Amino acid sequence: MTVIADSTPLICLSAVADLRLLRDLFGTVTIPDAVFHEVVTAGKGRPGSREVETAAGLWIKVEQRRPTASTTRIMEQQKLQLGETQAIELGLAIKAELLLLDEQRAVEFARSSGLTIMRTGTVYAAAKRSGLIDSVGSRLDALRAAGFWLRERDYQAILRACGES
């Protein structure tokens, strides 16, 4: 399965020591260099920086992307960041089966472009279905405690989907 990730899932899952779930679920995760820069270089000392840098070249593949006129146009029209835009463009270019993405504007644009999206909270649902974790609720609570914003209705929907409500 070809999986692309944006920064937020990497940072948030690292903040609660769950980044390994991406490796366990998908094997390899590809990120564009703008995401690597955002998490590792610009994010030095913050959650995800050390974890992603360590995993790069092992199970996180960093794909070099050159910003194009299309990149700039998408960023301006959709009001997206460079990492989100490159993740979407990369997903489209290599026909990724899944894009890990959270920001609502980026999610809407990616879906309208034909990409399949998995948000950070639903990574836990997939991990439970795969037998990697026992409780989704406790993991979502840890994400929230670490500062991840998750609407109550989405929190409840994920729990219902996992039979935990």
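Let me start with the largest pocket, which in this predicted model has a volume of about 400 Å³. Of the 17 residues that line this pocket, the closest to its centre are D102, Q104, R119, L150 and D154. If we then ask which elements give two or more residues to the lining, they are helix α7, spanning 104-112, strand β5 at 117-118, helix α8 at 120-129 and helix α10 at 152-161. The largest share of the lining comes from α10, which supplies 3 residues. In terms of chemistry, the lining residues divide into 7 nonpolar, 4 polar and 6 charged.

Let me turn next to a single glutamine, Q86, which lies in helix α6, residues 82-93. Is Q86 buried or exposed? Its relative accessibility is 2%, and because buried means under 20%, Q86 counts as buried. Leaving aside residues up to four places away in sequence, Q86 touches P32, D33, A34, R65 and P67.

My last topic is the cysteines. How many disulfides does the structure hold? The number is 0, and for C12 we can say why: the closest cysteine sulfur, in C162, is 18 Å from the sulfur of C12, which is too far for a bond, given that a disulfide needs the two sulfur atoms within 2.5 Å. Seen from the other side, the closest cysteine sulfur to that of C162 is the one in C12, again at 18 Å and too far for a bond. As for their surroundings, C12 counts as buried at 14% relative accessibility, and C162 counts as buried at 15%.

Notes: Residues numbered from 1 in each chain as written. Predicted model: local features only at pLDDT ≥ 70, side-chain atom pairs only at ≥ 80, totals over all residues. Heavy atoms only, no water. 1 Å grid on protein atoms, 1.4 Å probe; cavity = no way out; pocket = protein on both sides within 12 Å on 5 of 7 lines; lining within 4 Å. Points joined across faces, edges and corners; volume = space filled by probe spheres on them. Helix = DSSP H or I, 4+ residues; strand = E, 2+ residues; numbered from the N terminus. Nonpolar A, V, L, I, M, F, W, Y, C, P; charged D, E, K, R; others polar. Buried < 20%, exposed > 50% of the residue type's maximum accessible area, 1.4 Å probe, protein only. Contact = heavy atoms within 4.5 Å.
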